[in-house]
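User: Please examine the model shown below with me. I shall ask on what grounds each label is applied.

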Amino acid sequence: MKGLVVRDISAGYDKKTVLENVSFSAEKGSVTAILGPNGSGKSTLLKVISKIITPYKGEIVLDGEDLFSLSRVENAKKVAYLPQSRNTSDIKVSSLVLHGRFPYTGYPRRYTKEDYKKVDEALEKMGLLDKKDTLVSSLSGGERQKVYIAMCLVQETDVILFDEPTTFLDISRQFKVLSEAKELAREGKCVIVVLHDIIQALETADKIVVMKDGRTVAEDTPDAVYSSGILDSVFDIKIRKYADHYHYLINQ
């Protein structure tokens, strides 16, 4: 399989286990959405994959290569991570995006013409080339999100991790961000996204991974996960599908 394989990962903080024997796979060219109640370990899992947190046990393999055998710099050439919480920087858009080239610079960090070219290409792809000299703090929430996606793009990784990228965005911008995630997958990236909106996940992703209490409890196509009833059980809600669209049923 071309993509990422997570096997029996257990991890946590200060000796408190958050993830226990988590396993799933995510293919290149597809969007894998991770769903689960608050506290189920979704964000911790992304931090393990991006090597921010060292797990107690388990392995993560990308195209047959053990990611834990790599240094943090080498891992950063394989996996890009967009966290949920980010500072709104008072620096230029182009300067922030340039940070994504850190894994390719030596010491002291010196950027090349190629690095600046890749920044312009990423900003053009995100429709922000005309904002390259603008302060990030002056942009709208949707524009800022695109800047951070551009920073991931210039990292030139096979895997891109998004932790709730639609949070705090209005509905139109949420759909645009999810559309951009699908476009990255079409380009051959392995895109893994944590979402809090179940309907968006079902209608966007190629695969759904459901987590509860630090474990993976389901992994399959959106239709198969929906049909299993696991979402109703895990989230204590009712979801139904009508005319190829999913809906929440309230007080039923």
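User: Which helices supply at least two residues each to the lining of the largest pocket?

Analyst: Helix 2 (72-76) and helix 5 (141-153) each do so. Helices here are DSSP runs of H or I with at least four residues, strands are runs of E with at least two, and both are numbered from the N terminus. This is a predicted model, in which local features need pLDDT of at least 70 and side-chain atom pairs count only at pLDDT 80 or more, while totals for chains, interfaces and linings use all residues. Residues are numbered from 1 along each chain as its sequence is written, and side-chain values use heavy atoms, with hydrogens and water left out.

User: What makes a space a pocket rather than a cavity?

Analyst: On a 1 Å grid over the protein atoms alone, a cavity is a set of points where a 1.4 Å probe fits but cannot get out, whereas a pocket is an open set with protein on both sides within 12 Å along at least five of seven lines; lining residues have an atom within 4 Å of a point. The largest pocket holds about 350 Å³ of space. Of its 15 lining residues, His99, Gly100, Phe102, Pro103 and Gln155 are the closest to the centre.

User: How is the lining of the largest pocket divided by class?

Analyst: The lining has nine nonpolar, five polar and one charged residues. Ala, Val, Leu, Ile, Met, Phe, Trp, Tyr, Cys and Pro count as nonpolar, Asp, Glu, Lys and Arg as charged, and the others, Gly among them, as polar.

User: Why is the contact between arginine 7 and glutamate 59 called a salt bridge?

Analyst: A salt bridge requires a side-chain nitrogen of Lys or Arg within 4 Å of a carboxyl oxygen of Asp or Glu. The closest N and O atoms of arginine 7 and glutamate 59 are 2.7 Å apart, so the pair meets the definition. Arginine 7 belongs to strand 1 (residues 3-13) and glutamate 59 to strand 4 (residues 57-62), so the bridge ties together parts that are 52 residues apart in sequence. The structure holds 21 salt bridges.

User: What places lysine 118 and glutamate 156 in their accessibility classes?

Analyst: Buried means under 20% relative accessible area, exposed over 50%, and partly exposed in between (1.4 Å probe, protein chains only). Lysine 118, with 17%, is therefore buried, while glutamate 156, with 37%, is partly exposed. These two residues form a salt bridge, with their closest N and O atoms 2.8 Å apart. Glutamate 156 lies in the loop between helix 5 and strand 7 (159-163) and lysine 118 in helix 4 (residues 113-125), so the pair ties together parts 38 residues apart in sequence. Both residues belong to a salt-bridge network that also includes Arg101, Glu114 and Asp115.

User: How do you know that glutamate 20 and arginine 215 form a salt bridge?

Analyst: The closest N and O atoms of glutamate 20 and arginine 215 are 3.2 Å apart, so the distance satisfies the salt-bridge cut-off. The pair links distant parts of the chain, with glutamate 20 in strand 2 (residues 16-27) and arginine 215 in strand 10 (residues 215-220), 195 residues apart. Glutamate 20 has 35% relative accessibility and is therefore partly exposed; arginine 215, with 38%, is partly exposed.

User: Why are strand 1 and strand 2 said to pair?

Analyst: Two strands pair if DSSP finds at least two bridges between them. Strand 1 and strand 2 are joined in the antiparallel sense over eight bridges, so they qualify. They belong to an open sheet of four strands in the order 2-1-4-5, with antiparallel pairing. Strand 2 and strand 5 (65-66) are the edge strands, each pairing on one side only.

User: What makes aspartate 213 and lysine 15 notable in their backbone angles?

Analyst: Aspartate 213 has a positive phi of about 50° although it is not a glycine. Aspartate 213 lies in the hairpin of strand 9 and strand 10, which has two residues between the strands. Lysine 15 likewise is not a glycine and has a positive phi of about 65°; lysine 15 is found in the loop between strand 1 and strand 2. Aspartate 213 is exposed at 62% relative accessible area, and lysine 15 is exposed at 83%.

Conventions
Points joined across faces, edges and corners; volume = space filled by probe spheres on them.
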